[in-house]
Amino acid sequence: MRAQYQDAMAIVRALGKPDLFITVTCNPKWPEIKRCLLPRQQAVDRPDVTVRVFRLKLKAILHGITMGALGIELIEVARIHVIEFQKRGIPHAYLLMILTAEDKPQTLES
(Lines give C-alpha, C1' and ligand atoms only; values in the text may rest on other atoms or scores of the structure.)
Protein backbone atom coordinates (compact mmCIF):
# COMPACT_ATOMS: atom_id res chain seq x y z
CA MET A 1 0.00 0.00 0.00
CA ARG A 2 2.86 2.34 0.80
CA ALA A 3 4.46 1.64 -2.59
CA GLN A 4 1.20 2.46 -4.39
CA TYR A 5 0.95 5.73 -2.44
CA GLN A 6 4.52 6.62 -3.41
CA ASP A 7 3.76 5.84 -7.06
CA ALA A 8 0.67 8.09 -6.96
CA MET A 9 2.64 10.95 -5.40
CA ALA A 10 5.34 10.58 -8.06
CA ILE A 11 2.66 10.91 -10.77
CA VAL A 12 1.26 14.03 -9.08
CA ARG A 13 4.74 15.51 -8.71
CA ALA A 14 5.51 14.94 -12.39
CA LEU A 15 2.15 15.90 -13.93
CA GLY A 16 0.60 18.33 -11.46
CA LYS A 17 -2.44 18.36 -9.22
CA PRO A 18 -5.50 16.30 -10.19
CA ASP A 19 -8.30 18.16 -11.96
CA LEU A 20 -11.19 15.83 -11.15
CA PHE A 21 -12.00 13.85 -8.02
CA ILE A 22 -14.75 11.32 -8.68
CA THR A 23 -16.39 8.90 -6.27
CA VAL A 24 -18.39 5.95 -7.63
CA THR A 25 -20.42 3.80 -5.25
CA CYS A 26 -22.09 0.49 -6.04
CA ASN A 27 -25.84 0.38 -5.57
CA PRO A 28 -27.00 -3.07 -4.38
CA LYS A 29 -30.43 -2.31 -5.89
CA TRP A 30 -29.15 -2.12 -9.47
CA PRO A 31 -31.35 -4.36 -11.65
CA GLU A 32 -28.31 -6.22 -12.98
CA ILE A 33 -27.49 -7.34 -9.43
CA LYS A 34 -31.07 -8.06 -8.35
CA ARG A 35 -31.63 -10.21 -11.44
CA CYS A 36 -28.86 -12.62 -10.35
CA LEU A 37 -30.03 -13.06 -6.77
CA LEU A 38 -32.07 -16.00 -5.57
CA PRO A 39 -35.12 -15.40 -3.37
CA ARG A 40 -34.13 -14.07 0.08
CA GLN A 41 -30.58 -13.32 -1.05
CA GLN A 42 -29.01 -9.90 -0.74
CA ALA A 43 -26.20 -8.31 -2.71
CA VAL A 44 -23.69 -8.97 0.08
CA ASP A 45 -24.42 -12.70 -0.27
CA ARG A 46 -23.13 -12.64 -3.86
CA PRO A 47 -19.92 -10.57 -3.90
CA ASP A 48 -18.94 -12.12 -7.23
CA VAL A 49 -21.99 -10.64 -8.96
CA THR A 50 -21.74 -7.32 -7.12
CA VAL A 51 -18.08 -6.79 -8.02
CA ARG A 52 -18.56 -7.82 -11.64
CA VAL A 53 -21.51 -5.44 -12.16
CA PHE A 54 -19.67 -2.62 -10.35
CA ARG A 55 -16.60 -3.08 -12.55
CA LEU A 56 -18.69 -2.96 -15.73
CA LYS A 57 -20.54 0.16 -14.55
CA LEU A 58 -17.27 1.84 -13.52
CA LYS A 59 -15.77 1.18 -16.96
CA ALA A 60 -18.92 2.60 -18.59
CA ILE A 61 -18.80 5.72 -16.41
CA LEU A 62 -15.12 6.32 -17.20
CA HIS A 63 -15.75 5.78 -20.90
CA GLY A 64 -18.66 8.22 -20.76
CA ILE A 65 -16.60 10.90 -19.01
CA THR A 66 -13.71 10.70 -21.46
CA MET A 67 -15.88 10.32 -24.57
CA GLY A 68 -18.15 13.30 -24.07
CA ALA A 69 -21.06 12.32 -21.84
CA LEU A 70 -20.61 15.62 -20.00
CA GLY A 71 -21.05 17.58 -23.22
CA ILE A 72 -17.33 17.87 -23.88
CA GLU A 73 -14.73 15.26 -24.74
CA LEU A 74 -12.00 15.14 -22.08
CA ILE A 75 -8.47 13.93 -22.72
CA GLU A 76 -6.81 12.57 -19.62
CA VAL A 77 -3.08 12.53 -19.04
CA ALA A 78 -3.24 10.27 -15.98
CA ARG A 79 -5.76 8.46 -13.81
CA ILE A 80 -5.19 7.20 -10.30
CA HIS A 81 -7.90 5.13 -8.70
CA VAL A 82 -8.50 2.85 -5.76
CA ILE A 83 -11.38 0.46 -5.18
CA GLU A 84 -12.40 -0.17 -1.58
CA PHE A 85 -15.07 -2.28 0.05
CA GLN A 86 -17.49 -0.96 2.64
CA LYS A 87 -18.28 -2.95 5.76
CA ARG A 88 -21.29 -4.47 4.01
CA GLY A 89 -19.06 -5.75 1.21
CA ILE A 90 -20.22 -3.18 -1.34
CA PRO A 91 -17.41 -1.74 -3.52
CA HIS A 92 -16.77 1.94 -4.16
CA ALA A 93 -14.04 3.71 -6.11
CA TYR A 94 -12.15 6.98 -5.76
CA LEU A 95 -10.66 8.41 -8.94
CA LEU A 96 -8.24 11.26 -9.50
CA MET A 97 -7.94 12.44 -13.10
CA ILE A 98 -5.31 14.77 -14.50
CA LEU A 99 -6.45 16.37 -17.76
CA THR A 100 -4.56 17.97 -20.61
CA ALA A 101 -3.98 21.73 -20.42
CA GLU A 102 -6.76 22.40 -22.98
CA ASP A 103 -9.30 20.37 -20.99
CA LYS A 104 -8.56 21.76 -17.53
CA PRO A 105 -11.49 23.71 -16.05
CA GLN A 106 -10.71 27.44 -16.29
CA THR A 107 -13.88 28.95 -14.77
CA LEU A 108 -16.68 27.77 -12.51
CA GLU A 109 -18.97 27.30 -15.52
CA SER A 110 -16.59 25.06 -17.48
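Which residue of β3 is the bridge partner of R79? In this predicted model, that partner is M97. A little further along, H81 stands opposite L95, again in β3. These pairs belong to a set of nine bridges that join β2 to β3 (residues 91-99), with the two strands running antiparallel. The link between the strands is a hairpin, with five residues between β2 and β3. One residue in that turn, G89, has a positive phi of about 90°.

Now for the whole sheet. It's an open one, built from three strands in the order β1-β3-β2, and the pairing is antiparallel. That leaves β1 (20-25) and β2 (76-85) as the edge strands, each pairing on one side only. From one strand to the next, the twist averages 15°.

Next come the helices that go with the sheet. Helix α1 (residues 2-15) lies across β2 and β3, and runs at about 155° to β2. Helix α3 (residues 47-66) packs on the sheet too, touching β1, β2 and β3. The direction of α3 makes about 20° with that of β3.

How far does α1 reach from its first C-alpha to its last? The answer is 20 Å for its 14 residues, close to the 20 Å expected at 1.5 Å a residue. After α1 comes G16, whose phi is positive, near 105°. As a general point about such helices, there are 3.6 residues to a turn, so residues three or four places apart point the same way.

Finally, there's the empty space. Rolling a probe the size of a water molecule over the atoms shows where such space is left. The largest pocket holds about 430 Å³ of it. Its lining is made up of 15 residues, and those nearest the centre are Q4, A8, I80, H81 and V82. So which element supplies the largest share of this lining? That's α1, with six residues. The strands take part as well: α1, β2 and β3 each supply at least two residues of the lining. H81 therefore turns up twice in this account, being among the residues nearest the pocket's centre and standing opposite L95 in β3. By type, the lining divides into eleven nonpolar residues, two polar and two charged.

Notes
Residues numbered from 1 in each chain as written. Predicted model: local features only at pLDDT ≥ 70, side-chain atom pairs only at ≥ 80, totals over all residues. Heavy atoms only, no water. Pairing = 2+ DSSP bridges. Helix = DSSP H or I, 4+ residues; strand = E, 2+ residues; numbered from the N terminus. Axes fitted to C-alpha atoms, helices over the stretch in contact; angles between N-to-C directions. Contact = heavy atoms within 4.5 Å. Expected span 1.5 Å × (residues − 1). 1 Å grid on protein atoms, 1.4 Å probe; cavity = no way out; pocket = protein on both sides within 12 Å on 5 of 7 lines; lining within 4 Å. Points joined across faces, edges and corners; volume = space filled by probe spheres on them. Nonpolar A, V, L, I, M, F, W, Y, C, P; charged D, E, K, R; others polar.
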